[in-house]
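Q: I would like to go through the contacts in this model. Could we take them one at a time?

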Amino acid sequence: MANGIIERAAKSTPAPFARKIKGLSDRAIAWIFITPTIIILLAVNIFPLIWTIWLSFTNYKANRPNADVKWIGLRNYERILTDSDIWLTMQATAHFLIWTLVLQVLIGFALAWLINQKFKGNDLWTTIIVLPMMLSPAVVGNFWTFLYQPQIGLFNYVFAFLTQSDPTSFSMIGDVALAPWSIVIVDTWMWTPFVMLICLAGLRSIPDYIYEAAECDRASKWRQFWTITVPMVLPFLMLAVLFRGIENFKMFDLVVQLTGGGPGSTTELTSINLKREAFEKWRTGYSSAYAIILFVTVFGLASIYVKALNKVKER
Amino acid sequence: MKFKRLTTAISAACVAATLAPTAHADDLTLCWAAWDPANALIELSKDFEGKSGHNMSFEFVPWPNFADRMLNELNSGGKLCDLMIGDSQWIGLGAEAGHYIKLNDFFDANNISMGDFIPATVTGYSEWPKGTPNYWALPAFGDVVGWTYRKDWFNRADLKSEFKGKYGRELDVPNSLAELKDIAEFFQGREIDGKTVYGAAIYTERGSEGITMGVTNALYNFGFEYNNPNKPYDLDGFVNSDGAVAGLEYYKALYDCCTPPGSSDWYMSENIDAYKSGQVALQMNFAFIWPGVHADSNVGGDKSGYFPNPAGPGGHFAQLGGQGISVVSYSDSKDAALEYIKWFAQPEIQKQWWELGGYSALRAVVEDPGFASSQPYAQTFLDSMAIVKDFWAEPSYASLLLPMQDRVHKYVIAGEGTAKEALDALVDDWTEVFEDEGKL
């Protein structure tokens, strides 16, 4: 059968081409096919990476292409790791990352669990809940700035109504203590539906017979939740955390629209800080070192996390 | 025969079509910020199109992105802009990096004299190095930070008497920054016509240049200097002098006491909105907004007045705004672009420019006996232009601006550290920039 296919393929190959590849080994043919891909990968992935690593050891500035480029060794790395402002942006990123993940996982899972219960209007509620994630982050950031306005913002009015306080007495995006929470709230509002959908897929993948068996064994609902639902949804939940973690580590558009990184630098996440260094201050060498440090950090953390995820899946 | 005539006509048309563009009709693109004066310039430029036969296109970028977008365009050698109305602080970069063409020979050949323009605008918009007769732009739009106030509120008998009782002087245009703060404090949180109003809308924006353009109006007047006047780039003791520290503390105090809630990231457009919607008694802003305020149905006419930035204990200055018009060296239509500048420099065009809402920098226009009374804000414009001071115009302008934005915003808005610490850190940042530039 296989020989027949090969013979047919050989017959249908144009004679000049057949003559040209005649005598080439399988390995050579394989190289011919994968070489263009390798060249493209080298050009768009590997070369920029190596170039960035090289730049990170120099004082190069992209807005001064004709200026002398000096090799300055590890000075950029030293500056970054000893710069208190960089550590503040790291703290701001950690605050944002941890709280958005915690809130999105808790609320997303709770919503998924509720939606998974069969009730009237189930589909309609699912559609309504997922609406925020269909919007553009720039649009979301922009309209939340209005919602957060102390004088006209709905958020302030609702909060003031519930607490019987003055709506102009606080400014979510202008107050140093509240601004980090303002971006957590908006990101949670926007992306909790995503976590919910992944959790819902996990919940719906659990076969009913497992719960039926547990019922037969007289396991309580609480027990079923902790011994069946949570372990079986955990790989999905971890996947959602991975996706959201990566997304929020590189968060830019939403926060730029909402707070611009302020007040002060309280919401200046690393991606915003990096962009300012690279394309506003034009410290290309410095920002290359910064990018390498972030890359190594994210790559390291993601590798550890993926290993943990695989272990959970194997259980 | 008919066919022969037709072919002759077609050939003639083809020849005419081929020759016409070589004579005229270049496509020129002028790049500027997206704001009211830009619309006035479109209107004005129709005259140039009619007279020269060239076609004008305009690329206007909103202020928050203007510097980013246009400096990237220049740094990448882009051909988008033939003419650039770039910010005054870009002149060093434009000249040293070869983005702008030098205009001295062109000015000489066309009898355009820099002596015909307001001296501060020549220094601010055209010269590089500063104080030398090397011109890279024609002063195009004079601008300066000044103040707008609610004249109708200031004239209320009840408010006047209450103010006099509290401060022992008339509620009037402030003569000093201290008086300005008193007035702002007086109006803060006050109920007027059933609405809560606030003292002053000031610049606090973090992302581009906002807070720097605001805070300098306090810093200069308390004694801040960019460097040692006798030793360039010697910063310590000048940028962070006692006067400078007091100026920064003043600006923070003004922000803390007397601005509307939520105004932590405000620049030109937010201040205009706050003022026009009747939220504030005082508004800091560039003079370009005054024609719009005067024409506004809510706060315009006699309801508003204008005054220059008040003096402080260390002097009397105001932050220079405005721009010069330059020919981009990467343009393929440099001759046509120079033609535009020649046309724009004519006194009658400059007069029309003022009438359309553009602030002409030509002395023949602003020193005309009728100028000061031509608009209610004209005298304030003249008084303000007489006291201007500008930010660094070095080639490393962007690198110098960003740390100032950072340090000042962190102290004034976020309350991080002290004024002295903020300015000391700024000295370190700027020193590093000048060291990188090889100037220290």
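A: The turns below deal with the domains of chain A and then with the contact of chain B and chain A.

Q: What should I know about the model and the numbering before we begin?
A: This is a predicted model, in which local features need pLDDT of at least 70 and side-chain atom pairs count only at pLDDT 80 or more, while totals for chains, interfaces and linings use all residues. Residues are numbered from 1 along each chain as its sequence is written, chains are lettered from A and ligands numbered from 1 in the order in which they are written, and side-chain values use heavy atoms, with hydrogens and water left out.

Q: Which domains does the assignment give for chain A?
A: Domain 1 covers 20–75 and domain 2 covers 79–314; such bounds come from an automatic or database domain assignment. The C-alpha centres of the two domains of chain A lie 35 Å apart.

Q: How many residues of each are in contact?
A: Eleven residues of domain 1 of chain A are in contact with nine of domain 2 of chain A, where contact means heavy atoms within 4.5 Å.

Q: And what area do domain 1 of chain A and domain 2 of chain A bury?
A: Between them they bury about 900 Å², 64% of it on carbon and sulfur atoms. Buried area is the accessible area (1.4 Å probe) that two parts lose on being put together, summed over both.

Q: How many salt bridges does the rule find across that interface of chain A?
A: The rule finds zero between domain 1 and domain 2 of chain A, a salt bridge being a side-chain nitrogen of Lys or Arg within 4 Å of a carboxyl oxygen of Asp or Glu.

Q: Changing topic, what does the contact of chain B and chain A involve?
A: The contact takes 28 residues from chain B and 27 residues from chain A. Chain B and chain A bury about 2,300 Å² between them, with 38% of it on carbon and sulfur atoms.

Q: Which residues of chain B lose the most area to chain A?
A: These are R206(B), P261(B) and L402(B), which together make up 25% of what that side buries.

Q: How many salt bridges are there across the interface of chain B and chain A?
A: The rule finds eight salt bridges there. D68(B) and K275(A) meet through their side chains in a salt bridge (3.7 Å, N to O).
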